[in-house]
Amino acid sequence: MKPNWTKSGQLFQEAEAYIPGGVNSPVRAFRAVGGTPLFIRSGKGSKIVDADGNEYIDYVCSWGPLILGHAHPQVVCAIAEAAKQGTSFGAPTERETELARLICEAVESVDQVRLVNSGTEATMSAIRLARGVTGRDRIIKFNGCYHGHVDSLLVKAGSGATTLGIPDSPGVTRGTSSDTVGLEYNNLDAVEQVFRREGDRIAAVIVEPVAGNMGVVPPGPGFLERLRELTRESGALLIFDEVITGFRLAYGGAQARYGIQPDITTLGKIIGGGLPVGAYGGGRHIMQAIAPTGQVYQAGTLSGNPLAVSAGLATLRTLKENGVYERLEQMGAVLEEGLRAAAREAGVPTYHSRVGSMLCTFFTDQRVMDYHTALTASVKKYRQFFHGMLQRGVYLPPSQFETFFISLAHTDEDIAQTLSAARETLKTLAG
Ligand SMILES: *Cc1c(COP(=O)(O)O)cnc(C)c1O
């Protein structure tokens with residue numbers, strides 16, 4: 001019953017000769033689940049096809065951006081139309097203002113926004129801006145939250161860093177990471193303590209409002225609210241890293257869902273519709289501190305790229321339609337309940353967490369609420385689950401510490417098929 005993966009194996013060998021580890025981003029390498037990665041030939045809607053012609057229902061969705069599914073007709077059309085008119089100018093274009101306007105209208109705390117090329121660039125620039133505006137150095141981040149591969153944020157950074165067991169990367173200087181204070185997610189006592197001790201030195205608290213890079217970990221009651229209060233009282237800025245959650249958990253992002261307004265918001269993934277885009281935005285007075293109006297320098301040759309902006313515009317316009325987030329919520333609930341029931345039936349201890357269309361099955365009997373409890377999950381069990389699902393035509397993220405993403409292209413039949421594969425696979429995991 002094992003699919004034929006010959007061609008993928010060959011392509012991976014060739015890639016390893018010329019690309020470190022054969023991949024351009026470490027989580028793609030399957031190291032956390034064993035085996036060799038599948039090479040993907042094409043995608044359409046909820047499905048992807050590998051180099052050997054096998055088809056899968058895809059829950060990676062390019063790690064979050066593809067909320068409309070693969071090769072959505074309007075997105076493809078927007079990119080093609082834009083390409084015909086030239087791919088880059090290094091001069092302003094009307095579309096950039098249109099995307100910025102849509103973002104400002106959607107995200108309540110954002111009056112102005114600067115477009116960049118990736119989520120990493122967005123968080124890196126947001127940190128620089130926060131330090132520039134406050135004149136302070138210290139940053140608080142939470143263990144297991146990933147904010148891109150920014151030097152100062154590669155401290156217990158979740159995602160690939162967790163998967164590969166590199167909490168602190170070589171090459172990050174002690175000086176750089178010494179201004180980063182790493183605390184446990186959802187632990188307010190620790191945050192209060194740091195603010196009491198050195199509140200006047202803290203430039204910003206950066207947080208994923210729903211953590212999505214250590215599996216899915218939602219904020220506990222009052223967590224985000226208290227972060228808002230503490231930062232406001234001490235003159236520090238609150239940065240919501242909404243690179244995953246922006247336009248996914250609601251049209252206005254996690255901040256709309258939880259009713260909290262950060263000072264700076266970082267975006268990425270969905271706003272590029274599958275092309276490379278990032279953005280950071282906030283109140284007008286803060287954003288005016290960026291060059292050329294202000295002194296905080298940040299630039300980009302391809303920033304606001306016409307193709308990427310067009311793909312983002314097509315995506316956001318589609319997401320504005322009625323019923324979109326209700327549909328994602330409904331599919332998420334069915335998948336979550338089905339997975340939980342299947343695990344219970346098979347007698348496999350699991351903990352399921354979900355917010356909207358972000359979902360994770362942790363193979364642990366503990367309640368997961370921070371990095372520490374996330375790490376109680378059995379990587380070995382996940383590995384078996386992952387491969388069992390892959391053989392049955394379901395492509396899950398190749399690591400226990402990642403999020404399953406549902407797109408609007410997923411159908412009720414896809415979910416039913418996934419649950420049937422899960423029931424079979426979980427039975428083989430029992431004992
Ligand atoms: C993916 C991600 C980033 C980094 O975005 P890239 O486009 O990969 O650089 C930053 N923050 C969060 C929360 C992310 O999930």
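**Exercise 1. Helix α12 and what follows it**

Helix α12 is followed by Gly347, whose phi is positive, near 75°. The model in which this is seen is a predicted one. Task: determine how the span of α12 compares with the value expected at 1.5 Å a residue, and state which of its residues are buried and what covers them.

Solution. Begin with the length: α12 has 23 residues, which at 1.5 Å a residue should span 33 Å, and the end C-alpha atoms are indeed 33 Å apart, so that the two values agree. Next, list the residues of α12 that are buried, namely Val324, Tyr325, Leu328, Met331, Gly332, Leu335, Glu336, Gly338, Leu339, Ala342, Ala343 and Ala346. Finally, look for the elements that lie over these residues; the cover includes the helices α11, α14 (379–391) and α15 (412–429), together with the strands β11 (351–355), β12 (358–362) and β14 (404–405).

**Exercise 2. Helix α11 and its flanks**

Task: describe the span of α11, decide why α11 can be called largely enclosed by the rest of the structure, and characterise the loops that contain Pro292 and Glu321.

Solution. Helix α11 covers residues 306–319, that is 14 residues, and reaches 20 Å from its first C-alpha to its last, close to the 20 Å expected. Because 13 of the 14 residues of α11 are buried, this helix is largely enclosed by the rest of the structure. At the start of α11, the step to check is a polar contact, in which a side-chain oxygen of Asn305 comes within 3.1 Å of the backbone nitrogen of Leu307.

Pro292 belongs to the loop between α10 (284–287) and α11, and the peptide bond that joins Ala291 to Pro292 is cis, with omega about 15°. On the other flank, Glu321 sits in the loop between α11 and α12 (324–346). With a relative accessible area of 45%, Glu321 is partly exposed, and its C-alpha lies 45 Å from that of Ser178, a residue 143 positions away in sequence.

**Exercise 3. The surroundings of the ligand**

Task: identify the residues that surround the ligand, classify them by character, and find how much of the ligand's area the protein buries.

Solution. The shell is made up of Ser118, Gly119, Thr120, Tyr146, His147, Gly148, Glu208, Asn213, Asp241, Val243, Ile244 and Lys269. Sorted by character, these residues divide into three nonpolar, six polar and three charged. The polar contacts can then be taken in turn: a backbone N or O atom of Gly119 lies 2.8 Å from an oxygen atom of the ligand, a polar side-chain atom of Asp241 is 2.7 Å from a ligand nitrogen, and a polar side-chain atom of Lys269 is 2.7 Å from a ligand oxygen. The ligand on its own would expose 380 Å², of which the protein buries 83%.

**Exercise 4. Two residues of helix α4**

Task: for Gly119 and Thr123, establish whether each is buried or exposed, and trace the contacts that each makes beyond its sequence neighbours.

Solution. Gly119 lies in helix α4 (residues 119–134), and Thr123 has its place in α4 as well. Buried means under 20% relative accessible area; Gly119, at 19%, therefore counts as buried, and Thr123, at 0%, counts as buried too. Leaving aside neighbours within four places in sequence, Gly119 is in contact with Val243, Leu267, Val277 and Gly278. Val243 is 124 residues from Gly119 in sequence, yet their C-alpha atoms are 6.1 Å apart. Thr123, with the same exclusion, touches His147, Val150, Leu153, Ile206, Asp241 and Thr266, and a polar atom of its side chain lies 2.6 Å from the backbone oxygen of His147.

**Exercise 5. Positive phi in one loop**

Task: locate Ser62 and Ala71, and report phi for each.

Solution. Most residues other than glycine have a negative phi. Ser62, in the loop between β3 (55–58) and α2 (73–84), nevertheless has a positive phi of about 60°. Ala71 is found in the loop between β3 and α2, and its phi is likewise positive, near 50°. As for accessibility, Ser62 counts as partly exposed at 40%, and Ala71 counts as partly exposed at 35%.

Conventions: Residues are numbered from 1 along each chain as its sequence is written. This is a predicted model: local features need pLDDT of at least 70, side-chain atom pairs count only at pLDDT 80 or more; totals for chains, interfaces and linings use all residues. Side-chain values use heavy atoms; hydrogens and water are left out. Helices (H or I, at least four residues) and strands (E, at least two) are DSSP runs, numbered from the N terminus. The expected span of a helix is 1.5 Å times one less than its number of residues. Buried means under 20% relative accessible area, exposed over 50%, partly exposed in between (1.4 Å probe, protein chains only). A polar contact is a pair of N or O atoms within 3.5 Å; within protein, one must be able to donate a hydrogen and the other to accept it, and residues adjacent in sequence count only if both atoms are side-chain atoms. A residue is near a molecule or strand if one of its heavy atoms lies within 4 Å of it. Accessible areas come from the Shrake-Rupley method with a 1.4 Å probe; for residues, only the protein chains shown count as cover. Ala, Val, Leu, Ile, Met, Phe, Trp, Tyr, Cys and Pro count as nonpolar, Asp, Glu, Lys and Arg as charged, and the others, Gly among them, as polar. Contact means heavy atoms within 4.5 Å.
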